[in-house]
Structure formats: C-alpha cells, structure tokens
Amino acid sequence: MTTDNDFLLSVEALTVSFDGFKAVDDLSFYVDENEIRVIIGPNGAGKTTALDLICGKTRATSGSIRFRGKELTAMKEHQIVHAGVGRKFQNPSIYDDLTVFENLEISYPKGRSVFGALTFKRDGVVTSRVEEVAEMIFLADHLEERAEFLSHGQKQWLEIGMLLIQDPELLMLDEPVAGMSVSERVKTAELLHRIIVGRSVIVIEHDMKFVEDIAHRVTVLHQGRVISEGTMAHVQADPKVVEVYLGH
Ligand SMILES: Nc1ncnc2c1ncn2[C@@H]1O[C@H](COP(=O)(O)OP(=O)(O)OP(=O)(O)O)[C@@H](O)[C@H]1O
C-alpha cells in the first residue's frame, strides 16, 4: 500500500472557495523526492492559487497538504518556509541596489532575523556557500555587480539562488522563464536539473518546449481540478488536454 511517507508532498482533496467560486476544487496530486513536476493548464485553471495554498499565502477551505508528514494547512507562511518550502513569484523580488553577493548573503538563513542581521559576520562558511550558489546560477563572474544591472534572466536566476541558499526541500517557481531569451531558457532547464539533488521542484509553465525539457511528470489543471497527469508525451496525447489547452 502507498502511504503519505512515500511522497515529499501530498495534496489531497484541496479546495478553496472565493465567495462561492472554487478556484481549486477537490485537487489531489503527489510529488516524489527529486522530482521536477510541471503544472500546466489554461488561464484561470487555479495553478497559482494551488501554489499560494501550499506556501500558506492563501488558506484552504478544506483538504490537506502534507509535506514530509507535516500538515501545512495548519501552519503560517514563515513556518512553512522553515519547514523547507521555498516559493518564487513571477516578478523577481531582489534588492536592486545590492550586489549579487549581498543579495545572496542576506538570504543566507543565519542573517534572517533582525538580531541575526546585526550580529551577522561575513564568515568563511557564508562566503563559500554564496560562491557555490553563484556558480550554480551562472553568476559566479557577477558577484560584485549591482543587481539592477543584471539582465532579466540573470535577475530570475538570482532570485532562484536566494531561495537555494536556504536549501529548501521543495522549491516552487511560477513561470520562471517568462521574458527570457532562448539561450537563457536552455540554461534555466540545466539549472533545474542540477538543483533537484536532495530536493523537488514544482514549476508552473506555459512554454511547452521548456516543459518538455524539464518535466519528469506534468499535472494538467482545468477549473481547479486535475484533468490529466503523467509524462509530457502522455498529457500531450490526451484528448481532454488538447481540447481545453494545447489545441488553442
Ligand atoms: N483572492 C481571490 N479572490 C477571488 N478570486 C480569485 C482569487 N485568487 C484567484 N481567483 C480566481 O481563481 C481563478 C484561478 O486563478 P489562478 O491565478 O490560480 O489561475 P492560473 O491557473 O494561475 O492562471 P494564469 O495561467 O492566468 O496565471 C481565477 O478565475 C481567478 O480570478
């Protein structure tokens, strides 16, 4: 028998109702360890709302979200972050007037609290972790550059790096390649494949080429529910998916 413990994340019968409108409606899906899961579906399908529910930004009306056996629906946003769930929103929230190094440094868990920030010293451990993450996000040669001078794609990578430095076990990214060049998309796919050692990633995406490059499995949402799930080849060939999404 399969138990919850076999999955990193178990979303079951999750529902959220906004004035009677169910943006997420009896949604269930399961994410394995070291998996890249992509959520696709038409505009308004409930993709962003599903991530908002997992990270605690929006409260569920009913249902359950278990992460490593912990029930997330009962937890506050900061507790969910602490439990190991990182979330990147569509627009980068980096500090423009700080350098790449400083952006990564202030995201290092030790510097999170006000007290921690005041007493925080740039020690060897932090510096080597910053350098390691910078390498991973293709910004090793830009550490002293102010974030405002980075390209759009580099800003997106920096924000992913600011989450990675906290070492989340689950990372959720909302349209990470929107506005990126083709070569930046290819590098982002490479980045995602690199970072799933010891963690899983959930990505919302509309770019089917990118989905094909990264997805282990794809979950297709429509009207707040799963209408198809499986490999990219499986969902692409599913007539229900073609009808509501891919055929448009
Ligand atoms: N706080 C809210 N109050 C009322 N309705 C909401 C709220 N948040 C989302 N909705 C509605 O829920 C539905 C799902 O929205 P959501 O943003 O999750 O869709 P999506 O699949 O992410 O779409 P897109 O691809 O356009 O980003 C939409 O009809 C949206 O208007």
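Biologist: In what sense do strand β7 and β8 pair, and over how many bridges?
Modeller: In this predicted model, β7 covers residues 170–174 and β8 covers residues 200–204. One point of register is M172, which stands opposite I202 in β8. The pairing of β7 with β8 is parallel, over five bridges.

Biologist: What is the handedness of the β-α-β crossover from β7 to β8?
Modeller: On leaving β7, the chain passes through α7 before it reaches β8. Helix α7 is made of residues 182–195. The crossover is right-handed.

Biologist: Which residue in β8 does R37 stand opposite?
Modeller: Strand β3 (residues 36–40) runs parallel to β8, and four bridges join the two. Within β8, the residue opposite R37 is I202.

Biologist: How many residues of strand β8 are buried, and which of them point each way?
Modeller: The strand is mostly covered, with five of its five residues buried. V201 and V203 point one way from β8. Pointing the other way are S200, I202 and I204.

Biologist: Why does L51 count as buried?
Modeller: L51 is found in helix α1, which spans residues 47–54. The cut-off for a buried residue is 20 or more other C-beta atoms within 10 Å. L51 counts as buried because its C-beta neighbours inside 10 Å number 22.

Biologist: Which residues is L51 in contact with, leaving aside its neighbours within four places in sequence?
Modeller: Two of the contacts, I202 and I204, are residues that point one way from β8. Another contact, M172, is the residue opposite I202. The full set is R87, M172, D174, I202 and I204.

Biologist: How far apart in space are L51 and T231?
Modeller: In sequence, 180 residues separate L51 and T231. Their distance in space, C-alpha to C-alpha, is 21 Å.

Biologist: Which helix gives the most to the shell around the ligand?
Modeller: The residues around the ligand are F18, A23, G41, N43, G44, A45, G46, K47, T48 and T49. They divide into three nonpolar, six polar and one charged. The helix that gives the most, with three residues, is α1.

Biologist: What is the order of the four strands in the open sheet, and which are the edge strands?
Modeller: The pairing in this sheet is antiparallel, and the order is β2-β1-β4-β5. Each edge strand pairs on one side only. The edge strands are β2 (21–31) and β5 (70–71).

Biologist: Which residue in β4 does V11 stand opposite?
Modeller: Strand β1 (residues 9–18) and strand β4 (residues 62–67) pair in the antiparallel sense over five bridges. In β4, the residue opposite V11 is I65.

Biologist: Where does R68 lie, and what is its phi?
Modeller: Most residues other than glycine have a negative phi. R68 departs from this with a positive value. It lies in the loop between β4 and β5, and its phi is near 50 degrees.

Biologist: Which residue in the hairpin of β9 and β10 takes a positive phi?
Modeller: Strand β9 (residues 217–222) and strand β10 (residues 225–230) run antiparallel and are joined by five bridges. H222 has R225 as its bridge partner in β10. The hairpin has two residues between the strands, and the residue with a positive phi, near 50 degrees, is Q223.

Biologist: Why does F138 count as partly exposed?
Modeller: F138 is placed in the loop between α5 and α6 and has a positive phi of about 65 degrees although it is not a glycine. A buried residue needs 20 or more neighbours and an exposed one has 12 or fewer. F138 counts as partly exposed because its C-beta neighbours inside 10 Å number 18.

Biologist: What do the buried residues of α3 pack against?
Modeller: Helix α3 (residues 100–107) has V100, N103, L104, E105 and S107 buried. These residues pack against α5 (124–136) and α6 (152–164).

Biologist: Which helix gives the largest share of the side of domain 1 that touches domain 2?
Modeller: Domain 1 is 1–84 + 168–248 and domain 2 is 94–166, with C-alpha centres 26 Å apart. On the domain 1 side, 11 residues are in contact with 11 of domain 2. Those of domain 1 divide into six nonpolar, two polar and three charged. The largest share, five residues, comes from helix α7.

Terms used: Residues are numbered from 1 along each chain as its sequence is written. This is a predicted model: local features need pLDDT of at least 70, side-chain atom pairs count only at pLDDT 80 or more; totals for chains, interfaces and linings use all residues. Domain bounds come from an automatic or database domain assignment. Two residues are in contact if their C-beta atoms, placed from the backbone, lie within 7 Å. Ala, Val, Leu, Ile, Met, Phe, Trp, Tyr, Cys and Pro count as nonpolar, Asp, Glu, Lys and Arg as charged, and the others, Gly among them, as polar. Two strands pair if DSSP finds at least two bridges between them. A crossover is right-handed if, with the strands pointing away from the viewer, the path from the first strand over the helix to the second runs clockwise. A residue is near a molecule or strand if its C-beta atom, placed from the backbone, lies within 6 Å of it.
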